[in-house]
Amino acid sequence: MKLIAISPKETAAFLIAGRIFQGLSTACILPNALAVIKAYYEGASRQRAISIYSIGSWGGAALSSLFGGIVASTIGWRYIYWFSIVVAIGSFFLISGVPESKNPPSDKKRGFDLAGIITFMIGMLSVNILISQGGRLGWSSPMSLGLAAIVVISFLIFFKIEKSTKDSFINFNLFSNSTYKGAALSNFMVNGAAGTLVVALSLVQLGADMTALQAGFLTIGYPIAILIAIKAGEKLLQRYGARKPMVLGCVVASVGILMTTFTFIMTSQYIIVSTIGFAFFGFGLGLYATPSADAALTSIPVEEAGSASGIYRMASALGSAFGISISAAIFTGLSMKQITFVEGFFMGRTDNISIRYAAIIALLFNLFMVMSAIISILLTVPVGKSETKA
């Protein structure tokens, strides 16, 4: 984070290096946190522990978005990372007393799936470049077609490597468990709706001339609703099992996203509707968080907790990255086009119709992701309470 904070102007080298280190540190922390919960807690105690974990991960992310916007709009974006350094130092002391939870000693030597990691990284990098730059390069240009070919080839090779490697980077055998598969897949899709915030806030800044700080205040109910709903999700989990609160959370989140698509109304009206929508969105995510993580942990044996937690958390990160990239690509691409066939549909100003139309389509993509999550839950996660696997 220090590399990012001191990044010189007119160069992205420090910024990129800092983000790489951030990614490595996140990859070390996030899966291990859930694995420790799996190892040391059972039943209602585990569900309470996951709720606290969810408050930190989901609630913290929601609060940091608002906090980051305020800091960037007042004293400058670099201070976000200076504050983050302080938080990281404090976190170091908090985890210093966490007990170890290694698997039992074994004479078996485990390999390192370097080939799988490299092919996966090539595929992910290529697909991100294709999504974010395809519109600028041209979707049918040689560069875009070449990137698409690299994506397909990389993931085919990756899948072949993972199926034939004993100590694979991703243990696909975990997905033979229907509950775990549903939790991980829906987690990817729900996080794929992260573009809702990006698109809606960009809309009011570009289309309504609001500052970043003013736009950020539209999300004031989002973190509050998440924090409230996480405990509600825990209680629903204990009473009904994981499936019902996961579906209910997605339904509530879908209502919230749908409200943010009302870009055809007047700005003063949209401020009210979108603020309520963000609160619904946050409440839905909060309801979903604990039941989803508990379903993933409950369904797998303790010796697979590290791998399963890593995949589950990777699904969050990848879903968020894909969701933001695709939403931004749709919004940017459509907002640059002249839209005339929907002019009578929009109230108020007519000089920003392209931006408002682009926002509707991009936000509907986020709605599609959450609706897809509902389908995956209904098809995979069983009704009722799951049995814990030791």
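Good morning. I begin with the aromatic residues: the structure, which is a predicted model, holds six aromatic pairs. I shall take one of them in detail, the pair formed by F120 and F155. The ring centres of F120 and F155 lie 6.2 Å apart and their planes meet at 70°, so this pair is classed as edge-to-face; the cut-off for that class is an angle over 60 degrees. As a reminder, a pair of aromatic rings is described by the distance of the centres and the angle of the planes.

Where do F120 and F155 lie? F120 belongs to helix α5, residues 114-137, and F155 to helix α6, residues 142-164, so the pair ties together parts that are 35 residues apart in sequence. As for their surroundings, F120 has 10% relative accessibility and therefore counts as buried, whereas F155, at 25%, counts as partly exposed. The boundary applied here is 20% relative accessible area. F158 joins these two residues, and F120, F155 and F158 form one aromatic cluster.

Let me now place this in the overall fold. The protein contains 14 helices and zero strands. Of its 390 residues, 43% count as buried. If one takes the contacts between residues at least 6 apart in sequence, 79% of them join residues at least 24 apart. The protein exposes about 19,900 Å², and carbon and sulfur atoms supply 70% of that area.

I turn next to helix α8, residues 195-207. What span should its 13 residues have? At 1.5 Å a residue, the expected value is 18 Å, and the end C-alpha atoms are 17 Å apart, which agrees. The expected span is reckoned with one less than the number of residues.

Several residues of α8 are buried, namely G195, T196, L197, V199, A200, L201, L203, V204 and G207. The cover over these buried residues includes α9 (212-216), α10 (221-240) and α11 (243-260). Also among the covering elements are α12 (267-298), α13 (305-335) and α14 (353-380).

Finally, consider D209, which sits in the loop between α8 and α9. Just after α8, this residue adopts a positive phi of about 60°. Is D209 buried or exposed? Its relative accessible area is 56%, so D209 is exposed, the threshold being over 50%. Apart from neighbours within four places in sequence, D209 is in contact with V204 and R349. Of these two partners, V204 has already appeared in this talk as one of the buried residues of α8.

Thank you for your attention.

Conventions. Residues are numbered from 1 along each chain as its sequence is written. This is a predicted model: local features need pLDDT of at least 70, side-chain atom pairs count only at pLDDT 80 or more; totals for chains, interfaces and linings use all residues. Side-chain values use heavy atoms; hydrogens and water are left out. Helices (H or I, at least four residues) and strands (E, at least two) are DSSP runs, numbered from the N terminus. Buried means under 20% relative accessible area, exposed over 50%, partly exposed in between (1.4 Å probe, protein chains only). Contact means heavy atoms within 4.5 Å. Rings of Phe, Tyr and Trp (its six-membered ring) pair if their centres lie within 6.5 Å; planes under 30 degrees apart count as stacked, over 60 as edge-to-face and the rest as tilted. Accessible areas come from the Shrake-Rupley method with a 1.4 Å probe; for residues, only the protein chains shown count as cover.
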